[in-house]
Amino acid sequence: MKKLLGCLIAFVAVTLWLGDWALSLDPYEAKRARMVEQDIKARGIKDPKVLQAMGSVPRQYFVDLSQADKAYSDHPLPIGEGQTISQPYVVALMTEALGLKGHERVLEIGTGSAYQAAILAGIAKEVYTIEIRKGLYEMSRERLVRLGYKNVSVRHGDGYFGWPEVAPFDAIIVTASANHIPPPLLAQLKEGGRLILPLGSTVFHQNLTLVTREKGTNRIKELGGVAFVPMTGEAQKK
């Protein structure tokens, strides 16, 4: 009896140790779950695919190590070269607005830290993302490879012109502000496709704008005020 009791105690101790060890593999899991519940779901995001993606992508790996403890706070964080990673709610809002079902080919303009690309990769079939800054391009490409994202292609270049070689796209997301919608991006959008971008002043605030291609025309809907860093390159000349 004593031997059986001893074995039982040992089993419980090992089980508890394994549980603690498993939790230590992802010390940010609780923060990520709280972010989804309090900052995203509670503010009206309902798409289960978006909620699942936001709850599974380890955001702490997409910011500088010094910012890791702030990764799940609902505000932007610096990522270098004067750029930021968008707050989680805005990432979720823009992603949900695209209405992705899982079979889509998506173009992202402004890779940045690659966090938005990772969220899209968890939902869409193919993600193509363009970054104009060489340093951020190299960092994000290496990061996506290291984290095992196989359905994301990264290009260094001016996103204003899109990616015509692999167009058309079911959805396009622009993560920098512009004072107009780049015509090449509209031309690369499929019939029935959606494009979302911060549209307006590139110095102050913009309106998050959703464009839906319907029967050759563009239906426009404003989703609310935002503040994004401006697009550079060709967009600045217009």
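Let's start at one pair of residues: Glu-131 stands opposite His-156 in strand 5. This is a predicted model, so please read what follows with that in mind. The pair belongs to a parallel arrangement in which five bridges join strand 4 (residues 126-131) to strand 5. Lying across strand 4 and strand 5 is helix 6 (residues 134-146), which runs at about 160° to strand 5.

Now step back to the sheet that holds these strands. It is open, has seven strands in the order 5-4-3-6-7-8-9, and its pairing is mixed. Strand 5 (152-156) and strand 9 stand at the edges with a single partner strand each, so one side of each has no neighbour in the sheet. From one strand to the next, the twist averages 15°.

Moving towards the other edge, we come to strand 8 (residues 206-214). Seven of its nine residues are buried, so to speak of it as mostly covered is fair. Strand 7 (residues 189-200) pairs with strand 8 in the antiparallel sense over seven bridges, and the two form a hairpin with five residues between them. On the other side, strand 8 runs antiparallel to strand 9 (residues 217-226), joined to it by eight bridges. That second hairpin has two residues between its strands, and there Lys-215 takes a positive phi near 50°. Val-211 is a handy landmark in strand 8: Leu-195 stands opposite Val-211, and Val-211 also stands opposite Ile-220 in strand 9.

Next, have a look at the helices. The axes of helix 2 (residues 29-40) and helix 4 (residues 88-97) come within 10 Å and cross at roughly 70°. Since crossing angles of 65 to 115 degrees count as roughly perpendicular, that is therefore how helix 2 and helix 4 are placed relative to each other. Helix 2 brings Met-35, Asp-39 and Ile-40 to the contact, and helix 4 brings Pro-88, Tyr-89 and Ala-92. Five of these residues are nonpolar, none is polar and one is charged.

Which residues touch the most other members of the largest nonpolar core? Among its 51 residues, they are Met-54 and Tyr-115. Helix 4 supplies the largest share of this core, seven residues. Beyond its neighbours within four places in sequence, Met-54 is in contact with several residues, including Met-35, Ile-40, Pro-88, Ala-92 and Tyr-115. Apart from this core lies another, of 21 residues, with Ile-172, Val-174, Leu-197 and Ala-235 among them. In soluble globular proteins, nonpolar side chains tend to be buried together.

Methods:
Residues are numbered from 1 along each chain as its sequence is written. This is a predicted model: local features need pLDDT of at least 70, side-chain atom pairs count only at pLDDT 80 or more; totals for chains, interfaces and linings use all residues. Side-chain values use heavy atoms; hydrogens and water are left out. Buried means under 20% relative accessible area, exposed over 50%, partly exposed in between (1.4 Å probe, protein chains only). Helices (H or I, at least four residues) and strands (E, at least two) are DSSP runs, numbered from the N terminus. Two strands pair if DSSP finds at least two bridges between them. Axes are lines fitted to C-alpha atoms, for helices over the stretch in contact, and angles run from 0 to 180 degrees between N-to-C directions. Angles under 35 degrees count as roughly parallel, over 145 as roughly antiparallel, 65 to 115 as roughly perpendicular and the rest as oblique. Contact means heavy atoms within 4.5 Å. Ala, Val, Leu, Ile, Met, Phe, Trp, Tyr, Cys and Pro count as nonpolar, Asp, Glu, Lys and Arg as charged, and the others, Gly among them, as polar. A nonpolar core is a set of buried Ala, Val, Leu, Ile, Met, Phe, Trp, Tyr and Cys residues joined through side-chain atoms within 4.5 Å.
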